[in-house]
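Hi everyone, and thanks for coming. Let's take a few minutes together to look at charged side chains and how they pair up.

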Amino acid sequence: IRRGVVEALGELKDFSYENILIEILKKPSANLFLKKSALYSLGKLRERKTATIILGFLKHASPHLRMRAVEALGEMGLAEYGEQIASLVEDGNFFVKEAAVIALGKVSQKKFIPLLKQKLEEKNFKNASFLSLVMLEDREILENVPIFVKDDTVPMEYRIRALRIYAEAELPINWSNARILFNGLKSQRVDMIVEILKNSKKILKKINLNEEELCEIFYLRKHLSWRVRRAMCDFCAAVRGE
């Protein structure tokens with residue numbers, strides 16, 4: 001219960017309890033997992049002044065705390081800590097490594113693109129590296145986002161984040177590339193269909209579609225889920241203005 005309360009302070013952006021979070025981290029006798037939650041909350045609060053405290057946990061003996069510390073620095077997006085984050089890409093713990101790979105994308109330093117492309121070749125870190133490269137808007141990677149989004153083996157949160165960035169990116173998009181998003185869409189989970197439709201409003205505004213091409217998407221208007229049918233209404237209004 002205490003961990004839930006501590007994490008809620010970060011989610012709710014309640015800065016009035018920031019000192020309590022810091023006190024938990026500084027107290028030697030504090031429960032390790034409570035400290036883990038405190039690091040999570042400080043990351044969500046994104047207060048620059050707490051970064052040095054978080055930084056001290058990057059070399060902690062506990063992988064739980066190293067993971068949460070590198071995640072917190074990533075959430076803060078502070079480029080000056082990029083090198084320290086990068087040092088954990090070769091950590092001895094898988095979850096710490098994965099968190100460091102994702103954090104490198106969040107600190108928005110393109111100098112780490114070569115390192116992330118190396119990790120892209122490693123099976124266990126392929127998805128995390130791909131997402132980080134999307135966050136860094138690597139052109140080659142962005143063009144393959146539709147395939148990434150439709151891959152059921154990729155965690156849903158990764159797919160959704162990549163799709164949102166792809167929709168906003170200043171990237172020329174052709175119909176054959178965008179079409180990947182719509183092929184077999186009905187077989188996807190409802191959350192994914194809705195997300196694709198919601199973001200495709202921006203994607204398809206970059207493409208001149210004819211009626212035949214749009215018909216490939218319209219079959220979703222009869223989907224069993226009211227959420228999908230509603231998303232289709234929004235989609236049609238945005239694309240055709242009617």
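**Salt bridges around Lys117 and beyond**

Let me start with one pair: Glu140 and Lys117 join their side chains in a salt bridge, at 3.2 Å from N to O. Please keep in mind as we go that this is a predicted model. The pair connects distant parts of the chain, since Glu140 sits in helix α10 and Lys117 in helix α8, 23 residues apart.

Now stay with Lys117 for a moment. Lys117 also forms a salt bridge with Asp138, where the closest N and O atoms are 3.3 Å apart. Here too, distant parts of the chain are linked: Lys117 is in helix α8, residues 113–120, while Asp138 lies in the loop between α9 (126–135) and α10 (139–142), 21 residues away.

How exposed or buried are these three? Lys117 is partly exposed, with a relative accessible area of 27%. Asp138 counts as buried because its relative accessible area is 11%, under the 20% cut-off. Glu140 is exposed, at 52%, which is over the 50% cut-off.

Let's move along to another pair. The side chains of Asp152 and Arg159 meet in a salt bridge as well, 3.5 Å from N to O. Asp152 is exposed, with a relative accessible area of 60%, whereas Arg159 is buried, at 3%.

There is also a network to point out: Arg46, Glu75 and Lys106 are joined into one by salt bridges that share partners.

And how many salt bridges does the structure hold? The count is 18, among them the pairs we just visited: Glu140 with Lys117, Lys117 with Asp138, and Asp152 with Arg159.

Note on methods: Residues numbered from 1 in each chain as written. Predicted model: local features only at pLDDT ≥ 70, side-chain atom pairs only at ≥ 80, totals over all residues. Heavy atoms only, no water. Salt bridge = Lys/Arg side-chain N within 4 Å of Asp/Glu carboxyl O. Helix = DSSP H or I, 4+ residues; strand = E, 2+ residues; numbered from the N terminus. Buried < 20%, exposed > 50% of the residue type's maximum accessible area, 1.4 Å probe, protein only.
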